[in-house]
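Biologist: Could you take one part of this model and go through it slowly for me, explaining each term as it comes up?

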Amino acid sequence: MGDSHFDRRRVIAGLTALPLLAAGVAGAGAKTPLRACPTDRVSISGGFGKAQFGVDVADDDATRATGLMHVENLPMSRGMLFVYPRPQPLSFWMRNTLIELDMLFLDSFGVIRHIHHRAQPGDETVISPGKLPLLGALEINGGLAKRLGIKVGDVLRHPAFVSTANPWSCSG
């Protein structure tokens with residue numbers, strides 16, 4: 001995904017400024033994301049407990065357009081994190097996607113606002129949570145969100161999103 005690991009980190013670092021601006025408008029209690037944290041993993045916390053995934057980050061038009069197309073197998077501990085330059089309505093489809101996916105739609109704070117369960121391979125029907133202003137989406141294996149107990153309102157932590165809670169560590 002992208003030209004190099006270094007370029008992806010530089011783009012992600014640049015993207016962190018946008019959620020910070022949004023956070024300043026949204027509320028003074030927001031905390032700053034950790035710029036030094038690895039960008040190749042996320043953690044999700046909620047009533048179910050905690051889950052961690054290694055991720056490829058799709059943070060430019062080319063990688064977002066390709067996504068997980070033509071991927072034949074996705075390990076259970078892996079996913080793809082889509083990050084956009086500003087909050088906006090998001091939509092996806094499954095053209096040329098070979099595996100079933102769960103799509104977790106995220107606001108600027110990493111809060112899961114919508115989950116589309118079990119998107120079907122090859123389906124070109126638009127998948128969208130509507131007009132919600134969202135900053136990203138996490139795609140994981142289809143059925144995994146329900147199996148783990150991940151729900152709307154749970155929180156994904158990654159440097160591209162602002163924390164609304166106490167400052168968090170890279171391992172947390």
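Modeller: Let me begin with a term for how open a residue is: buried means a relative accessible area under 20%, exposed means over 50%, and partly exposed lies in between, with a 1.4 Å probe and protein chains only. The model is predicted, so local features need a pLDDT of at least 70 and side-chain atom pairs count only at pLDDT 80 or more, while totals for chains, interfaces and linings use all residues. Residues are numbered from 1 along each chain as its sequence is written, and side-chain values use heavy atoms, with hydrogens and water left out.

The part I have chosen is centred on glutamate 124, which lies in the loop between β5 and β6; here helices (H or I, at least four residues) and strands (E, at least two) are DSSP runs numbered from the N terminus. Glutamate 124 counts as partly exposed because its relative accessible area is 42%. Its side chain meets that of arginine 95 in a salt bridge, with N and O 3.0 Å apart, a salt bridge being a side-chain nitrogen of Lys or Arg within 4 Å of a carboxyl oxygen of Asp or Glu. This pair links distant parts of the chain, since arginine 95 sits in the loop between β3 and β4, 29 residues away from glutamate 124. Arginine 95 is also partly exposed, because its relative accessibility is 31%.

Contact means heavy atoms within 4.5 Å, and once neighbours within four places in sequence are left aside, glutamate 124 is in contact with Trp93 and Arg95. Phenylalanine 92 is 32 residues from glutamate 124 in sequence, yet the two C-alpha atoms are 8.7 Å apart in space.

Next to arginine 95 in the numbering comes asparagine 96, which belongs to the loop between β3 (78-88) and β4 (101-106). Most residues other than glycine have a negative phi. Asparagine 96, however, has a positive phi of about 60 degrees although it is not a glycine, and it is partly exposed because its relative accessibility is 36%. Arginine 118, placed in strand β5 (residues 112-119), likewise has a positive phi, near 55 degrees, without being a glycine. With 44% relative accessibility, arginine 118 is therefore partly exposed.

By the rule given above, the model holds 5 salt bridges, and another of them joins the side chains of aspartate 107 and arginine 113 at 2.8 Å, N to O. Its two partners differ in how open they are, because aspartate 107 is buried at 8% relative accessibility, whereas arginine 113 is partly exposed at 41%.

Finally, the strands on either side of these loops also contribute to a nonpolar core, which is a set of buried Ala, Val, Leu, Ile, Met, Phe, Trp, Tyr and Cys residues joined through side-chain atoms within 4.5 Å. The largest such core has 21 residues, and those with the most contacts inside it are Ile44, Phe53, Leu81, Leu104 and Leu138. At least two residues of this core come from each of β1 (41-46), β2 (49-58), β3, β4, β5, β6 (134-141) and α4 (144-148), and β2 supplies the largest share, 4 residues. A second, separate core of 17 residues includes Phe92, Met94, Met103 and Ile127, and Phe92 is the residue whose C-alpha lies 8.7 Å from that of glutamate 124.
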